[in-house]
Amino acid sequence: MRLTTKGRFAVTAMMDLALRGEEGPVALAGVAERQSISLSYLEQLFGKLRRYKLVDSVRGPGGGYRIARPLERVTVADIIRAVDEHLDATQCGGQENCQDEHRCMTHDLWSTLNAKMFEYLASVTLADLVGREKAKNGLRGEAVIADQRPLGPHPRRAVREKVAATV
């Protein structure tokens with residue numbers, strides 16, 4: 001039972017899009033660079049996300065992708081399902097032929113785990129993830145940077161001040 005890179009990358013890319021989508025369509029090249037994901041791999045994933053109607057594409061200059069629904073209506077389970085990711089803890093893929101074509105003794109345990117994983121992923125929305133990320137990094141992504149330049153030969157010109165810089 002593993003969430004493969006396909007599912008991880010899809011969720012990561014959708015979070016990137018959600019965090020930057022207020023400014024308009026987001027170019028996949030930017031997502032690829034920020035998240036260290038191959039652009040061609042992202043293009044494949046976004047084709048699937050678009051077919052599942054989780055993202056819309058905008059063509060032309062300034063084009064890119066944007067989330068197609070309100071963030072509160074996009075769950076992690078939706079994203080995982082859209083990219084054909086199968087979360088399955090059973091050895092048999094749910095076929096109940098785990099052990100010599102018969103159901104193994106622990107089949108119900110692993111089937112229940114599958115249901116609980118899906119239930120959890122269906123309860124987490126992009127809005128939840130974005131909210132957590134923003135809270136973790138500060139409300140607006142602002143940092144206070146102190147001017148640390150040494151005083152030069154003209155002390156009156158060198159002024160130490162705090163500058164708000166958008167990260």
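**Figure 1. Overall architecture of the protein chain, with a secondary structure of six helices and four strands.** The model shown here is predicted. Read from the N terminus, the elements of the protein chain follow the order α-α-α-β-β-α-α-α-β-β. The protein chain has 167 residues, of which buried residues make up 31%. Among the contacts in the protein chain with a separation of 6 or more, 57% are accounted for by residues 24 or more positions apart.

**Figure 2. Close-up of the packing of helix α1 (residues 5-20) against helix α3 (residues 39-51).** The axes of α1 and α3 lie 10 Å apart and enclose an angle of about 80°, which makes α1 roughly perpendicular to α3, given that angles of 65 to 115 degrees count as such. On the side of α1 the contact is made by Thr5, Lys6, Phe9, Ala10, Ala13, Met14 and Leu17, and on the side of α3 by Tyr41, Leu42, Leu45, Phe46, Lys48 and Leu49. By class, the residues of this contact of α1 with α3 are ten nonpolar, one polar and two charged.

**Figure 3. Close-up of the packing of α1 against α6.** Here the axes of α1 and α6 are 10 Å apart, and the angle at which the two helices pack is about 70°, so that α1 and α6 are roughly perpendicular to each other. Val11, Met14, Met15, Ala18 and Leu19 in α1 meet a set of α6 residues consisting of Leu126, Leu129, Val130, Glu133 and Lys134. The contact of α1 with α6 is made up of eight nonpolar and two charged residues, with no polar residue taking part. Met14 is named in this contact with α6 and is also named in the contact of α1 with α3.

**Figure 4. Close-up of threonine 125, in the loop between α5 (107-123) and α6 (126-136).** The relative accessibility of threonine 125 is 11%, and the residue therefore counts as buried, the cut-off for that class being under 20% relative accessible area. When its neighbours within four places in sequence are left aside, threonine 125 is in contact with Leu71, Glu72, Val74 and Thr75.

**Figure 5. Close-up of the second largest pocket, which holds about 160 Å³ of space.** The lining of the second largest pocket is formed by Ala77, Ile80, Arg81, Asp84, Glu85, His86, Leu87, Asn114, Phe118 and Leu121. The elements that contribute two or more residues to this lining are α4 (76-82) and α5. Sorted by class, the lining of the second largest pocket comprises five nonpolar, two polar and three charged residues.

**Figure 6. Close-up of serine 36 and lysine 53, each with a positive phi although not a glycine.** As background to this view, most residues other than glycine have a negative phi. Serine 36, which lies in the loop between α2 (28-35) and α3, has a phi of about 55°. With a relative accessible area of 65%, serine 36 is exposed, exposed being the class for values over 50%. Lysine 53 is placed in the loop between α3 and β1 (55-58), and its phi is about 60°. The relative accessible area of lysine 53 is 61%, and lysine 53 is therefore exposed as well.

Methods: Residues are numbered from 1 along each chain as its sequence is written. This is a predicted model: local features need pLDDT of at least 70, side-chain atom pairs count only at pLDDT 80 or more; totals for chains, interfaces and linings use all residues. Side-chain values use heavy atoms; hydrogens and water are left out. Axes are lines fitted to C-alpha atoms, for helices over the stretch in contact, and angles run from 0 to 180 degrees between N-to-C directions. Angles under 35 degrees count as roughly parallel, over 145 as roughly antiparallel, 65 to 115 as roughly perpendicular and the rest as oblique. Contact means heavy atoms within 4.5 Å. Ala, Val, Leu, Ile, Met, Phe, Trp, Tyr, Cys and Pro count as nonpolar, Asp, Glu, Lys and Arg as charged, and the others, Gly among them, as polar. Buried means under 20% relative accessible area, exposed over 50%, partly exposed in between (1.4 Å probe, protein chains only). On a 1 Å grid over the protein atoms alone, a cavity is a set of points where a 1.4 Å probe fits but cannot get out, and a pocket is an open set with protein on both sides within 12 Å along at least five of seven lines; lining residues have an atom within 4 Å of a point. Grid points are joined across faces, edges and corners, and a volume is the space filled by probe spheres set on the points.
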